[in-house]
Amino acid sequence: MQEHATRAEPSAEDSGGSDSVRRDENVSSTSTWEWVVAIIGAALVVGMIGYIAYYALTTEAKVPVAAVEPLGIERTSGGYVVLFRARSRSSVTAASLQIRGELREGPQIVETKEAMLDYLPAFAERQGGLIFQRDPSRYELRLTAESYVEP
Amino acid sequence: MTVGGSSSHIAQAGHSSAAQNRKFLIDLARAFAGALIFALPMLMTMEMWWIGFYIAEERLIVLALVLIPLLIGLSYFSGFRETTRFTDDVVDAFVAIAAAAVMAALILTIFGVIRFDMPAREVIGKIVLQTFPGSIGAMLAQDQMSGEKRRSMGQKDRRKNHPSYAGELFLMAAGALFLGLNVAPTEEMILLSYRMQPAGQIALAILSLVLMHAFVYAVDFQSAPERPQAGFWSLFMRFTVAGYAVVLLISLYLLWTFGRTDGATIEGILSVSIVLGFPCAIGAAAARIIL
């Protein structure tokens, strides 16, 4: 590339050619696109650190808060699958979150099933299913989060 | 620069910047490949996903901040191109971060580890954690993957063929960080420290020292075979023992980052540091040869 350029203007070969080549090497070998990508990288770092810092400063929860809600009932050959969604409303992550589903008839608990979520991250949601043998639509369905441990 | 030469200089600058851009795109592709290769074991480790969302925010920020000088230093000693100025090292560091972050986001999305309906904190935590090993990989990609022979001596003047003592310790710390990061998040570190008897832990510490010292001799021989070798105790104290101290500090830092020191006793922290120190020691010792 360099040679080709100097050949185009032979008169400048001595003065401009070798001088500018040396200058390029001494000054910088950073191309325009490299600057662009580097600025993207810097923006990512600033953005990610900035968001995490903002998050840390604006949240101050001490315990996880999990809301469990049913999403639907699917009848299968193995029983009635109650799909549920656990949603975190806290900035604290819960580990080994125990989900309990009860079918009730008045004060009487007819059937109980449990599921465990490995993790429910802060403000995240996770889904699962409880498999009942009785038809949940004929009873009162109660879903609760029972226990957790800190990660 | 003479007046007559200026027009040709402009023409040349156009040509050489096109060549630079082309070379940069090749380097960028290598950076992506390096990021993928180095981060792949961690991309496929579930503890890394989990730690991404439950890690304490300040520790995640410290990790991201530590990464920047680490990459600048690596660019200075190794890196994916010849750098002539400090700014070039800084630029390369951020290019490596950009490549690693994009790679991590892409792969984790394909794996379904990050999804669009997840909270930003969870997604960012996972990406930051993977960007750390990935950007080190991106930075080292050129050296390991370019297939070029090590550059001729004339081109290496700025690059430190014989780094200063502080430089040696820096390379050891970088190697320890990198290899340690591969295993530090896993449950097995804690489990091993529970299972090992004190005698076994002492034996592991001694083995780490012996192996590090073997590497020290290898480097000493490789870099200056013709020079009279430094005395055993001099090498042992300056590189092996000092290096192992660096390794233990890096182990401690990684364990703290991943929350493994919380609520642990001194004995517990020490024994898991020795366990994690083993891979860190190998990484530290190997870094002086590889980089």
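## Strands E3, E4 and E6 of chain A

In this predicted model, strand E3 of chain A runs antiparallel to strand E6 (residues 140–149) of the same chain, and eight bridges join the two. Within this pairing, Arg104(A) is placed opposite Glu140(A) of E6(A). Strand E3 itself covers residues 94–105 of chain A and is mostly covered, with nine of its twelve residues buried.

E3(A) also pairs with E4(A), again in the antiparallel sense, and here the pairing extends over eleven bridges. Gln98(A) faces Met116(A), a residue of E4(A), across this pairing. The hairpin that E3(A) and E4(A) form has two residues between the strands, and in it Gly106(A) adopts a positive phi near 65°.

Glu111(A) belongs to strand E4 of chain A, and with a relative accessibility of 7% this glutamate counts as buried, because the class takes in residues under 20%. Between Glu111(A) and Pro136(A) the C-alpha to C-alpha distance is 9.3 Å, although 25 residues separate the two in sequence.

## The open sheet E1-E2-E5

Chain A also holds an open sheet of three strands, which follow one another in the order E1-E2-E5 with antiparallel pairing. Strand E1 (66–76) and strand E5 (125–132) of chain A occupy the edges, each having a single partner strand, so one side of each is left without a neighbour in the sheet. From one strand to the next, the twist averages 25°.

Strand E2 (residues 79–88) of chain A and E5(A) run antiparallel and are joined by eight bridges. One position in this pairing is given by Val82(A), whose bridge partner in E5(A) is Leu130(A).

## Overall make-up of chain A

Taken as a whole, the secondary structure of chain A consists of three helices and six strands, and from the N terminus on the elements are arranged as α-α-α-β-β-β-β-β-β. Chain A has 151 residues, of which 36% are buried.

## Aromatic pairs

Over all chains, the count of aromatic pairs comes to 14. One of them is formed by Tyr51(A) and Tyr55(A), whose ring centres are 6.3 Å apart and whose planes stand at 35°, so the pair is classed as tilted. These two tyrosines are four residues apart in helix H3 of chain A, and therefore about one helical turn separates them. The members of the pair differ in their exposure class: Tyr51(A), at 28% relative accessibility, counts as partly exposed, whereas Tyr55(A) is buried, with a relative accessible area of 5%.

A further pair is made by Tyr119(A) and Tyr54(B), with ring centres 5.7 Å apart and planes at 25°; because planes under 30 degrees apart count as stacked, this pair is a stacked one. The pair crosses between chains, going from Tyr119(A) in strand E4 (residues 108–120) of chain A to Tyr54(B) in helix H2 of chain B. Tyr119(A) counts as buried at 15% relative accessibility, while Tyr54(B), with a relative accessible area of 21%, is partly exposed. Ring pairs also place these two tyrosines in a cluster that links Tyr119(A), Trp50(B), Phe53(B) and Tyr54(B).

## The largest pocket

The largest pocket encloses about 970 Å³ of space. Its lining is made up of 39 residues, and those that lie nearest its centre are Glu150(A), Pro151(A), Tyr54(B), Gly259(B) and Asp262(B). Tyr54(B), named here beside the pocket centre's other nearest residues, is also the chain B member of the stacked pair with Tyr119(A).

Several elements give two or more residues to this lining, namely helix H3 (32–58) of chain A together with helix H2 (46–54), helix H3 (57–77), helix H7 (188–195) and helix H10 (266–290) of chain B. Among these, H10(B) gives the most, with five residues. Divided by class, the lining has 18 nonpolar, ten polar and eleven charged residues.

Definitions and conventions:
Residues are numbered from 1 along each chain as its sequence is written. Chains are lettered from A and ligands numbered from 1 in the order in which they are written. This is a predicted model: local features need pLDDT of at least 70, side-chain atom pairs count only at pLDDT 80 or more; totals for chains, interfaces and linings use all residues. Side-chain values use heavy atoms; hydrogens and water are left out. Two strands pair if DSSP finds at least two bridges between them. Axes are lines fitted to C-alpha atoms, for helices over the stretch in contact, and angles run from 0 to 180 degrees between N-to-C directions. On a 1 Å grid over the protein atoms alone, a cavity is a set of points where a 1.4 Å probe fits but cannot get out, and a pocket is an open set with protein on both sides within 12 Å along at least five of seven lines; lining residues have an atom within 4 Å of a point. Grid points are joined across faces, edges and corners, and a volume is the space filled by probe spheres set on the points. Ala, Val, Leu, Ile, Met, Phe, Trp, Tyr, Cys and Pro count as nonpolar, Asp, Glu, Lys and Arg as charged, and the others, Gly among them, as polar. Rings of Phe, Tyr and Trp (its six-membered ring) pair if their centres lie within 6.5 Å; planes under 30 degrees apart count as stacked, over 60 as edge-to-face and the rest as tilted. Buried means under 20% relative accessible area, exposed over 50%, partly exposed in between (1.4 Å probe, protein chains only).
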